[in-house]
Amino acid sequence: MKFPRSTTLVSSEELQALRQLFDDYADTLDEQDLQAWPEYFTEDCLYQVISREGYLAGLLHATMHCDGLGMVKDRAQATQECTVYEPRFLRHFMHGLKVVGRGPDSWETRCNFMVIESTSDDEPRVLLVGQYVDVVVDTPQGLKFRRRLCVYDNFRIYTSLVFPV
């Protein structure tokens with residue numbers, strides 16, 4: 001599997017709406033609002049945090065995998081209620097949003113990301129760097145992710161991956 005490279009022209013209004021979705025998504029995760037996180041996905045969504053090597057090889061194994069909104073909700077609830085982890089804060093930085101495909105009510109997008117993690121006993125450090133490879137659809141409730149692949153370039157993850165990316 002390759003990263004989509006061609007750029008599709010879209011209106012400035014569409015691009016602004018997509019950027020707003022990405023910014024709101026990042027803010028939700030930065031504020032650790034896991035109850036609101038599932039609202040960004042469609043019922044039939046696919047959410048994965050996957051290594052670059054795995055993505056390019058077309059492998060199904062992912063570090064974090066949610067197939068459908070039910071699994072996204074389960075992940076959010078488990079992280080809030082069941083998982084034991086050292087307190088941490090994340091900050092998402094995104095750049096280079098590109099629309100690489102267009103359907104009647106959907107957009108295929110690619111966007112670079114970097115996630116910085118801060119814990120109580122260490123200096124902030126880069127947790128993940130990579131790119132989102134997404135399919136965004138227009139729904140009656142607004143734009144949502146039908147597919148969000150968080151393809152990370154890291155060769156290893158230094159600490160645990162607790163929160164969604």
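Visitor: Which residue in E6 stands opposite Tyr47?

Guide: Tyr47 faces Arg148 in E6. Keep in mind as we go that this is a predicted model.

Visitor: Thanks! How many bridges join E1 to E6, and do the strands run parallel or antiparallel?

Guide: Strand E1 and strand E6, which covers residues 142–152, run parallel, and seven bridges join them.

Visitor: And which way does E2 run against E1, parallel or antiparallel?

Guide: Antiparallel: four bridges join E1 to E2, residues 64–67. To find your place in that pairing, look for Gln48, which stands opposite His65 in E2.

Visitor: How many of the residues in E1 are buried?

Guide: Strand E1 spans residues 41–51, and eight of its eleven residues are buried, so "mostly covered" is a fair reading, with buried meaning under 20% relative accessible area.

Visitor: Let's turn to the cysteines. What is a disulfide, in general?

Guide: In a disulfide, the sulfur atoms of two cysteines are joined by a covalent bond. In this structure there are zero disulfides.

Visitor: Why is Cys66 not bonded to Cys45?

Guide: Because the distance is too great: the closest cysteine sulfur to that of Cys66 belongs to Cys45, and the two are 7.3 Å apart. A disulfide would need the sulfur atoms within 2.5 Å.

Visitor: What about Cys150?

Guide: Cys150 is in no disulfide either; its nearest cysteine sulfur is that of Cys66, 10.0 Å away.

Visitor: Are Cys66 and Cys150 buried or exposed?

Guide: Cys66 is buried, at 2% relative accessible area. Cys150 is buried too, with a value of 0%.

Note on methods. Residues are numbered from 1 along each chain as its sequence is written. This is a predicted model: local features need pLDDT of at least 70, side-chain atom pairs count only at pLDDT 80 or more; totals for chains, interfaces and linings use all residues. Side-chain values use heavy atoms; hydrogens and water are left out. Buried means under 20% relative accessible area, exposed over 50%, partly exposed in between (1.4 Å probe, protein chains only). Helices (H or I, at least four residues) and strands (E, at least two) are DSSP runs, numbered from the N terminus. Two strands pair if DSSP finds at least two bridges between them.
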